[in-house]
Amino acid sequence: MMEVAYVCEWEKRPKSNHYPSIPLVCAWSCRNLVAFTTDLKNEEDEKEVSHMVHIIDTEHPWDVYSINSGHGEVISCLEWDQSGSRLLSADGDGQIKCWAMADHLVNSWESSLGSAEDGDPIIALSWLHNGVKLALHVEMSGSTNFGEKFSRVKFSPSLTLFGGKPMEGWLAVTVSGLVTVSLLKPNGQLLTASESLCRLRGRVALADIAFTGGGNIVVAATDGSSSSPVQFYKVCVSVVNEKCRIDTELLPSLFMRCTTDPVRRDKYPAVTHLKFLTRENSEQVLLCASSQMGSIVECWSLRKEGLPVNNIFQHRSPVVGEKQPTILKWRILSATNDLDRVSAVALPKLPISISNTDLKVASDTKFCPGLGLALAFHDGSIQILHRLSLHTMGVFYGSSSGSSQRPGDEPAIKRQRPGGPTVHFKALQFSWTSLALAGVDNHGKLHMIRVSPSMGQMLDMNTLLRHLLFLLEYCMVTGYDWWDVLLHVQPGMVHNLVEKLHEEYMRQNQALQQVLSTRIVAVKASLCKLSSATAARACDFHAKLLLIAISSTLKSLLRPHVLNTPDKSPGDRLAEICSKNTDTDIDKVMINLKTEEFVLDGPPLQSLQQLIQWVGDFVLYLMANLPNQGSVVRPGFGFLRDGWSLGMLREMMVMIRIWGLLKPGCLPIYTATSDNQDSMSLLFRLLTNPLLAFGPHGTQLSF
C-alpha cells in the first residue's frame with residue numbers, strides 16, 4: 001500500500017563545520033516543489049546558527065537549492081501560494097519573508113517582501129484565498145465532459161480589488177493571540193495591520209487557518225492544554241481609506257472528548273496537533289492530544305441544530321413564516337483508540353467532497369485518493385486513516401523495518417547503526433493528488449513515499465486505469481503537476497492511458513481543447529518516457545511542445561496592416577489559408593496572403609535566425625527519415641501522420657519564405673546539391689505530400 005520511492009541525503013553540503021539538526025516544517029506546492037527547513041550549527045561557534053530553507057523538484061531530487069533564509073530564529077511555518085511560485089517563511093521572532101522565483105527559475109529564489117511582529121513567534125501562516133475552488137466529482141468519473149467531472153465552486157476571495165480581482169496577501173497568527181494581515185497592493189507596496197483575536201489576549205500554542213465561501217477567514221486556536229477549550233474566531237479583512245482593517249468575532253468553541261472521559265482525563269494532557277480537514281472547509285477540524293507514551297485523535301464537525309424552547313413558549317400559536325431558532329454546535333464525528341505517540345500529521349489536498357453521499361460513491365467506485373489522512377509516529381511508522389471515520393486504511397512501517405520488505409525479496413544485509421533515537425518523521429506532507437507523501441525525519445533526510453491509489457484493495461486493470469486517467473485529467477484541467485500520478489503507472493499501462501487520454505480530450509469543445517492543447521502534449525510526453533517501447537514517441541511530444549512555442553512566438557510578431565481589421569488575426573488567417581490551400585508550391589500559397597502583415601524591421605528578423613534554422617533543420621530531418629518511418633521506435637514516427645503538426649510546420653515555412661524576401665540573411669542555411677536549387681520550395685513540397693497522404697490539416701493522433 002505504501003513504499004519508499006527514494007530517500008535524499010544532503011551529501012552536497014560541506015561537512016567540515018556544519019551539521020543538520022532536527023528539521024521543522026515541510027510544504028509541497030502544486031508544481032511538485034517540496035520546501036523544508038533545517039538548522040545548521042557551526043561546530044566552532046555553537047551560538048552561530050543558519051536557518052536554511054531547501055527547495056527541490058521531486059522529479060529531480062538530486063538538484064537541491066538551499067537558501068540561507070536570514071531568519072534570526074527557528075523557522076516555524078512554510079506556505080506555498082496557489083500558483084506554486086512563491087513561498088512564505090515565518091520564524092520564532094515574528095519575521096515573515098516572501099520568497100519568489102528569480103527569472104522563473106526553480107533553482108533561483110530571492111526575498112524582496114516581508115513583514116514582522118517583532119518578538120512575537122508565528123505559529124500559523126496562510127496566503128489569502130484567491131476565490132478559485134474546484135470540486136472533483138468521483139461519481140462523474142465515467143462522464144466524457146470535463147465540466148461534469150471538475151466543476152468550479154462558488155467561492156469568494158478573502159479580499160477583492162476594484163472589479164472583483166482578488167487581492168494578494170497573507171495572514172499569520174502569533175503566540176500572543178495576534179492576527180496580522182499583509183496585503184500586496186498593485187503598485188508593489190505592502191499594507192500591514194494587526195489585531196487581537198479576542199479582547200482577552202492569551203497564549204496560543206497551536207493554530208490553524210481556514211476560509212469560508214463568503215470570503216471570511218476562520219482561525220482555530222488552543223493554548224496547548226487538552227483541558228482548555230479550542231477557540232474559533234471569524235476574521236474579516238477589509239481596506240478602508242487605504243488602510244487595512246481587521247474585524248474579529250468569537251465563534252462556538254469545543255472541549256476535546258478525551259478530557260470528559262474519566263479514564264483518559266489526565267492521560268493526554270497536551271494538544272499537539274490542530275488542523276482543519278481542508279483549507280476551504282472551516283466546519284471540520286482534526287485534533288490530536290498526546291503524552292510521552294501515546295496519542296489520541298478526534299475529528300469534530302460544526303453543525304446547525306435547533307435551539308430547544310422552554311415549555312412556556314411551546315404552546316403559543318406560532319407566527320406564519322416563523323422558523324425554529326437554531327444554534328451552531330461542535331459535534332464529535334469519530335475518535336481513535338489509544339495510539340502510539342504522533343509526531344506529524346498530513347491532510348490530503350485533493351478536493352473531494354466529504355459528505356456521506358460522496359464518500360459512499362467513492363467507496364463504491366473504490367476510489368481512495370483523497371479519502372485518507374496520514375499520521376506519523378515516533379516509532380517511525382505511518383498510518384493512513386479515513387479522514388472522517390478515522391479507520392485505518394494503510395500502514396507503512398519505515399524503511400528499516402522488515403515489514404516494509406516486498407514479498408520474494410532476499411533479506412538485505414543490515415548496516416550497523418549508531419545508537420540514538422529512533423528515526424521518525426518530524427514533518428509530513430501529501431502531494432496534490434494524494435498519491436505520494438513527503439516526510440522529513442529527525443536526521444535531516446527527505447523521504448518520498450508512494451501511496452497506492454487502491455489502498456490495498458484488489459482492483460482490476462480497467463478500474464485502476466480509470467482512476468489514474470481521472471487524476472491525470474484533473475491535473476491537466478487544474479495545471480497541477482502530475483509527477484505523483486506517474487509513480488503508479490506501469491510500462492504496460494502507457495499505451496492505454498495515452499489512447500484514452502487522447503479520446504477524452506477530443507470529446508471536449510473546441511475552446512477547451514485550445515486551452516489544454518499544450519498540457520495534454522506534456523502529459524503524453526511524461527507517460528511515454530515510462531516505457532522503452534514508447535520512448536521515441538516521448539521525443540516527438542517534446543519536439544511538438546517546442547514547435548508550438550516557436551510557432552506562437554513567430555505568429556505573435558505579426559501585426560495587422562490596418563487597425564480596424566476583422567476579428568481574425570494575421571496568424572489565424574495564415575492558418576486558415578494554409579489549411580484550405582494544400583498546393584505543394586509554396587509561392588502559390590504565399591500569393592493569397594497580405595504580405596504587408598508580415599513586414600518586420602531588420603534587427604528582429606535577424607535575431608530569429610536561430611529559431612528559423614531549427615525549424616528548417618527539423619523539417620529536413622523528417623524528410624530525410626521518411627523511408628524509415630515504418631519503424632515505430634524511431635523519433636519522428638508520429639509527425640508525418642499528424643496533420644495538425646504538419647499544418648503548423650507548413651505555416652512556419654510560409655512565414656519564413658516571406659521574411660526571406662525581406663531579409664535573406666534570416667533564412668535557414670542548407671547545403672544544396674546544385675546552385676540553382678530552391679531548398680525551401682523543395683522541402684515545402686515534400687512536407688505537403690504526407691499531409692495529403694495521411695490526413696487533413698487539423699487531425700491529431702494520440703501516437
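At what angle do helix α13 (residues 609-624) and helix α14 (residues 643-662) pack? The angle is about 130°, and the two axes are 11 Å apart. Please keep in mind as you browse that this is a predicted model. The protein chain holds 15 helices and 31 strands, and buried residues account for 50% of its 703 residues. The notes below go through two helix pairs, the nonpolar cores and a handful of loop residues.

**Overall make-up**

- Take the contacts in the protein chain between residues at least 6 apart in sequence: 62% of them join residues at least 24 apart.
- In soluble globular proteins, nonpolar side chains tend to be buried together.

**The nonpolar cores**

- The largest nonpolar core is made of 71 residues.
- Within this core, the residues with the most contacts are L136, I382, L428, L437, L497 and L527.
- Helix α4 (residues 461-478) supplies the largest share of this core, with 10 residues.
- Another core lies apart from it and has 41 residues, including F598, I612, V615 and F639.
- L428 is a good place to start exploring the largest core: beyond residues up to four places away in sequence, L428 touches A344, V345, A346, A374, A376, I382, L437, A438 and G439.
- Two of those partners, I382 and L437, are also listed with L428 among the residues with the most contacts inside the largest core.

**Helices α13 and α14**

- Two packed helices are described by the angle between their axes and the distance between the axes.
- For α13 and α14 the angle is about 130°, which makes α13 oblique to α14.
- The crossing of α13 past α14 is left-handed.
- On the α13 side, the contact uses I612, V615, F618, V619 and L622.
- On the α14 side, the contact uses L649, M652, M653, I656 and W659.
- By residue class, this contact has 10 nonpolar residues, no polar and no charged.
- I612 and V615 of α13 take part in this contact, and both also belong to the core of 41 residues.

**Helices α4 and α8**

- The axes of α4 and helix α8 (residues 517-528) cross at roughly 140° and come within 9 Å.
- These two helices are therefore oblique to each other.
- Their crossing is right-handed.
- L472, M476, V477 and T478 are the α4 residues that meet R519, I520, V523 and L527 of α8.
- The residues of this contact divide into 6 nonpolar, 1 polar and 1 charged.
- L527, a contact residue of α8, is also one of the residues with the most contacts inside the largest nonpolar core.

**Loop residues with positive phi**

- Most residues other than glycine have a negative phi, and most peptide bonds are trans.
- N241 has a positive phi, near 55°, and sits in the loop between β19 (230-240) and β20 (243-254).
- Is N241 buried or exposed? With 72% relative accessibility, N241 counts as exposed, because the cut-off for that class is over 50%.
- L390 is not a glycine either, yet its phi is positive, at about 60°.
- L390 is found in the loop between β27 (382-386) and β28 (392-396).
- The relative accessible area of L390 is 6%, so L390 is buried.

**Loop residues and their partners along the chain**

- R31 belongs to the loop between β3 (26-28) and β4 (33-42).
- A relative accessible area of 39% makes R31 partly exposed.
- R31 and S83 are 52 residues apart along the chain, and their C-alpha atoms are separated by 7.7 Å.
- Not counting residues up to four places away in sequence, R31 touches S83, G84, S85, M101 and D481.
- G638 is in the loop between α13 and α14, where G638 is buried at a relative accessible area of 5%.
- Which residues does G638 contact, leaving aside its neighbours within four places in sequence? They are R537 and D540.
- The C-alpha atoms of G638 and D540 are separated by 7.0 Å, with their positions 98 residues apart along the chain as the distance apart.
- V132 lies in the loop between β11 (122-127) and β12 (134-136), and its 47% relative accessibility counts as partly exposed.
- The C-alpha atoms of V132 and R152 are separated by 7.6 Å, and these residues are 20 apart along the chain.

Conventions: Residues numbered from 1 in each chain as written. Predicted model: local features only at pLDDT ≥ 70, side-chain atom pairs only at ≥ 80, totals over all residues. Heavy atoms only, no water. Core = buried A, V, L, I, M, F, W, Y, C linked by side-chain atoms within 4.5 Å. Buried < 20%, exposed > 50% of the residue type's maximum accessible area, 1.4 Å probe, protein only. Helix = DSSP H or I, 4+ residues; strand = E, 2+ residues; numbered from the N terminus. Contact = heavy atoms within 4.5 Å. Axes fitted to C-alpha atoms, helices over the stretch in contact; angles between N-to-C directions. Parallel < 35°, antiparallel > 145°, perpendicular 65-115°, else oblique. Left-handed = near helix turned anticlockwise from the far one by under 90°. Nonpolar A, V, L, I, M, F, W, Y, C, P; charged D, E, K, R; others polar.
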